[in-house]
Amino acid sequence: MDHFLYRDGVLHAEDVPISEIAAAVGTPFYVYSTATLLRHYHLFDDALSGMDHLVCYAMKAASNQAILKTLAEAGAGMDVVSGGEYARAKAAGVPGERIVFSGVGKTEEEICQALTGGIRQFNVESEPEMDVLNRVAMSLGLTAPITIRVNPDVDAKTHAKIATGKSENKFGIPIARAREVYAIADAMEGIEVIGIDVHIGSQLTDLAPFETAYNKVAELTEALRSDGHNIRRLDLGGGLGIPYTQSNEAPPLPTEYGALIQRTVGHLGCEIEIEPGRLIAGNAGLMVSGVIYVKSGEGRDFLILDSAMNDLIRPAMYEAWHDIVPVIEAEPGVEQAPFDIVGPVCESGDTFAKERMMPPLSAGDLVAFRSAGAYGAVMSSEYNTRPLTPEVLVKDDQFAVIRARPTFDEIIKRDTIPQWL
Ligand SMILES: *Cc1c(COP(=O)(O)O)cnc(C)c1O
């Protein structure tokens with residue numbers, strides 16, 4: 001459930017008509033609902049309520065500081081994957097003890113930044129990373145709390161570009177080698193082993209791969225404890241999928257996911273962390289754009305929008321489906337027709353949908369892409385020198401621009417001309 005509903009024939013974000021935001025901000029833009037963000041956070045928080053836990057929002061899904069602050073004030077921690085994200089989380093007021101640092105390529109600078117700024121734990125993904133972490137921590141006279149991300153060799157049955165838990169993926173340490181690597185970690189003076197981390201992929205619509213992975217983590221916990229390690233925290237990653245259409249089968253609910261966690265690892269008495277990104281932000285955001293032209297082609301008609309692949313890359317990159325709906329609700333019973341829905345960028349890949357059934361639309365009308373809150377604005381670029389898409393946050397009947405659209409001047413001034421020109 002989200003908070004984007006039609007009222008009196010106009011799509012609203014909470015109590016604000018989308019058309020009102022469009023008039024104030026111009027199109028395209030992203031709009032997020034505070035109530036939906038919080039609802040999703042609380043679903044997870046409640047699902048784990050029987051266990052000592054922290055929900056660490058995977059902020060790469062949507063990292064605007066207003067979103068981070070909204071979630072952090074509700075009690076969320078953050079999962080960061082770069083020094084930039086770490087700095088953003090800190091700037092939004094998230095304390096270091098609620099930030100976990102994931103990622104296969106943490107640099108020495110990033111490690112130093114997080115160690116000195118305060119960190120809950122590093123999710124270590126390789127032995128070379130652990131060596132660097134140990135060295136940097138010792139040089140600072142600190143101890144780095146870690147979990148080791150294990151790769152359980154589980155097929156997440158999701159899109160190949162977002163599956164991360166198979167042995168051929170670049171992530172984590174093969175689970176079969178884990179005991180050996182934990183022994184190495186234990187001998188390092190700059191490192192304190194806290195627990196185990198696993199994350200098998202994104203947009204999982206079936207709980208079975210989680211169950212397999214978490215059972216393996218439970219087994220490993222027992223084995224490591226028998227080796228003498230004080231395993232007291234399990235980071236179980238993110239990845240729970242969302243419905244991208246209103247018609248398809250609903251993915252499992254956070255309550256079922258929470259029950260699965262309880263069932264597979266609850267008996268171990270560990271503190272539980274999860275790192276949901278998409279499920280918190282995905283259906284909490286729309287991308288709104290305007291129709292520039294309705295163009296009739298040979299055997300197909302095109303809706304040419306003012307948003308493009310630079311604003312929302314998911315269809316081009318992951319063959320993703322987004323429901324696209326008119327902001328002014330179609331009359332009941334009105335005849336729909338198929339359109340290819342495209343942007344103005346000079347690539348055929350700049351296609352949002354093919355032969356999508358749409359009600360009649362004209363130039364100047366507004367459409368909204370649903371489920372665009374996660375991996376939307378964060379993946380936008382200025383390809384074709386199209387200004388970075390603005391972001392808007394709604395709360396009840398208020399809205400605020402939380403990232404402004406840059407002017408052409410601001411974009412152009414970022415370039416500098418060398419003295420020889
Ligand atoms: C991307 C990522 C997540 C979040 O995945 P979602 O599918 O958005 O829930 C969590 N943890 C790690 C390590 C990730 O890389």
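# Briefing on a predicted protein–ligand model

The side chains of Arg177 and Glu180 form a salt bridge, with N and O 3.0 Å apart. The model is a predicted one, and its salt bridges come to 22. A ligand is present with 15 residues around it, and the protein buries 93% of the 380 Å² that the ligand exposes when taken alone. The points below cover salt bridges, the ligand site, one helix, the surface and some backbone features.

**Salt bridges**

- In the pair that opens this briefing, Arg177 is partly exposed because its relative accessibility is 28%. Its partner Glu180 has a relative accessible area of 46%, so Glu180 is partly exposed.
- Salt bridges with shared partners connect Arg120, Arg233, Glu271 and Glu273 in one network.
- Within that network, Arg120 and Glu271 are joined by a salt bridge of 2.4 Å from N to O. This pair links distant parts of the chain, with the two positions 151 residues apart: Arg120 is in the loop between H5 and strand S8 (121-124), and Glu271 is in strand S13 (residues 271-274).
- Arg120 counts as buried because its relative accessibility, 13%, falls under the 20% limit. Glu271, at 18%, is under that limit too and therefore also counts as buried.
- Another salt bridge is formed by Glu108 and Arg135, whose closest N and O atoms are 3.3 Å apart. The two residues are 27 apart along the chain and belong to separate helices, Glu108 to H5 (residues 108-117) and Arg135 to H6 (residues 127-139).
- Glu108 has a relative accessible area of 38%, so it is classed as partly exposed. Arg135, with 45%, is therefore partly exposed.

**The ligand and its surroundings**

- Which residues are closest to the ligand? They are Lys60, Ser202, Glu275, Arg278 and Tyr375, out of 15 residues that surround the ligand.
- Sorted by class, the shell consists of seven polar, five charged and three nonpolar residues.
- A backbone N or O atom of Arg278 is 2.7 Å from an oxygen atom of the ligand.
- Gly277 places a polar backbone atom 2.9 Å from an oxygen atom of the ligand.
- Asp79 makes its approach with the side chain: one of its polar side-chain atoms is 3.3 Å from a nitrogen atom of the ligand.

**Helix H3**

- Helix H3 spans residues 65-73, and its buried residues are Ile67, Leu68, Thr70, Leu71 and Ala72.
- The N-terminal end of H3 is capped by Asn64, which has a side-chain oxygen 2.9 Å from the backbone nitrogen of Ala66.
- After H3 comes Gly75, with a positive phi near 115 degrees.

**Surface and interior**

- A nonpolar patch on the surface is made up of Ile417, Trp420 and Leu421, which together have about 460 Å² of accessible area.
- Ile417 of this patch is located in the segment after helix H12 (408-413). Its relative accessibility is 63%, over the 50% cut-off, so Ile417 counts as exposed.
- Is Val94 buried or exposed? Val94 is buried, because its relative accessible area is 1%.
- Val94 belongs to the loop between helix H4 (83-91) and strand S7 (99-101). Its C-alpha atom is 23 Å from that of Phe399, a residue 305 positions away along the chain.

**Backbone features in loops**

- Thr27 and Pro28 are joined by a cis peptide bond, with omega about -5 degrees. Pro28 lies in the loop between helix H1 (18-25) and strand S4 (29-33).
- Lys157 is not a glycine, yet its phi is positive, at about 55 degrees. This residue is part of the loop between strand S9 (144-151) and strand S10 (173-174). With a relative accessible area of 63%, Lys157 is therefore exposed.
- Thr385, not a glycine either, has a positive phi of about 50 degrees. The loop that holds Thr385 runs between strand S19 (366-369) and strand S20 (391-395). Thr385 counts as partly exposed because its relative accessibility is 47%.

Key:
Residues are numbered from 1 along each chain as its sequence is written. This is a predicted model: local features need pLDDT of at least 70, side-chain atom pairs count only at pLDDT 80 or more; totals for chains, interfaces and linings use all residues. Side-chain values use heavy atoms; hydrogens and water are left out. Patches are made of residues with over 30% relative accessible area and no salt bridge: like charges are joined within 9 Å, nonpolar side chains (Val, Leu, Ile, Met, Phe, Trp, Tyr) within 5 Å. Accessible areas come from the Shrake-Rupley method with a 1.4 Å probe; for residues, only the protein chains shown count as cover. A salt bridge is a side-chain nitrogen of Lys or Arg within 4 Å of a carboxyl oxygen of Asp or Glu. Helices (H or I, at least four residues) and strands (E, at least two) are DSSP runs, numbered from the N terminus. Buried means under 20% relative accessible area, exposed over 50%, partly exposed in between (1.4 Å probe, protein chains only). A residue is near a molecule or strand if one of its heavy atoms lies within 4 Å of it. A polar contact is a pair of N or O atoms within 3.5 Å; within protein, one must be able to donate a hydrogen and the other to accept it, and residues adjacent in sequence count only if both atoms are side-chain atoms. Ala, Val, Leu, Ile, Met, Phe, Trp, Tyr, Cys and Pro count as nonpolar, Asp, Glu, Lys and Arg as charged, and the others, Gly among them, as polar.
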